[in-house]
Amino acid sequence: MKPSGRKVCFMTGASGKLGSEIALSIAGQGYSVCFTWHSSEEKASLLLEKIRWISPESSMIQCNVSKTGEILNAFAVFRGLYDRLDLLVASASNFYKTTLPDVSEEEWDSLVDTNLKGTFFTMQEAVKIMRHQSFLSRIITMSDISAGLVWQNFAPYTVSKAGVQHLTRIFAKKYAPGILVNSIAPGTFTINPDKEVDAEDEMIGKIPLRRYGDPLDIIRTIIFLLENDYITGQVINVDGGRLLQ
Ligand SMILES: NC(=O)c1ccc[n+]([C@@H]2O[C@H](COP(=O)([O-])OP(=O)(O)OC[C@H]3O[C@@H](n4cnc5c(N)ncnc54)[C@H](OP(=O)(O)O)[C@@H]3O)[C@@H](O)[C@H]2O)c1
């Protein structure tokens, strides 16, 4: 592949529910998108087909981000395909309930290694490319508002997302002014848009703006960050005001 001067995005977790919408919107912003998938090959292939309609020089690579060697390999493949890196979106994530005091080492490792260790080594490989470029580049990490909440049944997950938010600040300070690093923390999002939502739903009651988030709310935030060059080290909560409660 011989890229033609278009901006390039590397994204993990693009086969996810929000992730796939994010990847498509970034392609729509004029980027070639090189994304990783882990277990969902069919979803990833369908997504690549859609993205290539918008951005033909896009590609996908299999990568388990909990294995540092696989991240290094994915970046080696990426470097062979592209000659620049304008944007990293680190979205790969595992999420499930873990009840204290029965959290297993296996659960801890799968959540923390994917969400926190994976994000760290992905960011580290990205900055190895970005810091040698003469133009501004960006990193967006995907965290979660639960990083600031005390969810007793999700300790490894929330700790991993709190870690991602702190990594965001560390990388932002270390790599300014050439690389802008910010995090988007979604609240509760509509997974199935056709699902009836009861206005009296207990969760809706906790959201001051009285609705679940829609992928478009995240996409608008991504575009805002892509257009802004004076914001770094921030966590943007896209949560309908949920953290105000
Ligand atoms: N959706 C929400 O309501 C919500 C709320 C708060 C925060 N967030 C955050 O927003 C981001 C996007 O969410 P989403 O809805 O797209 O999540 P999702 O549907 O759960 O998708 C998770 C993604 O991570 C990938 N992944 C999981 N384990 C991996 C591993 N070991 N190595 C590499 N990739 C791995 C999956 O790939 P495969 O499918 O190929 O395995 C998938 O693409 C995530 O960081 C999530 O934590 C989402």
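**Close-up views of a predicted model**

**View 1. The surroundings of the ligand.** Of the 25 residues around the ligand, those that come nearest are Gly16, His38, Ser40, Ser93 and Phe189; a residue is near a molecule or strand if its C-beta atom, placed from the backbone, lies within 6 Å of it. The structure is a predicted model, in which local features need pLDDT of at least 70 and side-chain atom pairs count only at pLDDT 80 or more, while totals for chains, interfaces and linings use all residues. Residues are numbered from 1 along each chain as its sequence is written. The shell around the ligand comprises nine nonpolar, 14 polar and two charged residues. Here Ala, Val, Leu, Ile, Met, Phe, Trp, Tyr, Cys and Pro count as nonpolar, Asp, Glu, Lys and Arg as charged, and the others, Gly among them, as polar. Helix α1 (residues 17-28) gives the most to this shell, with three residues. Helices (H or I, at least four residues) and strands (E, at least two) are DSSP runs, numbered from the N terminus.

**View 2. Strand β4 and its partners.** In strand β4 (residues 87-90), Leu87 and Val89 point one way and Leu88 and Ala90 the other way, and all are buried. A residue is buried if 20 or more other C-beta atoms lie within 10 Å of its own, exposed if 12 or fewer, and partly exposed in between, with C-beta atoms placed from the backbone. In a regular strand the side chains alternate between the two faces of the sheet. Strand β1 (residues 7-12) runs parallel to β4 and is joined to β4 by four bridges; two strands pair if DSSP finds at least two bridges between them. Cys9 stands opposite Leu87 in β4. Strand β5 (residues 137-142) also pairs with β4 in the parallel sense, over four bridges, and Thr141 in β5 stands opposite Ala90.

**View 3. Helix α7 and its cover.** The 13 residues of helix α7 (residues 215-227) should span 18 Å at 1.5 Å a residue, which agrees with the 19 Å between the end C-alpha atoms. The expected span is 1.5 Å times one less than the number of residues. Among the buried residues of α7 are Pro215, Ile218 and Leu225.

**View 4. Two cis peptide bonds.** One cis bond joins Leu100 and Pro101, with omega about 5 degrees; Pro101 is found in the loop between β4 and α4. Another joins Ala176 and Pro177, also with omega about 5 degrees, and Pro177 is found in the loop between α5 (155-175) and β6.
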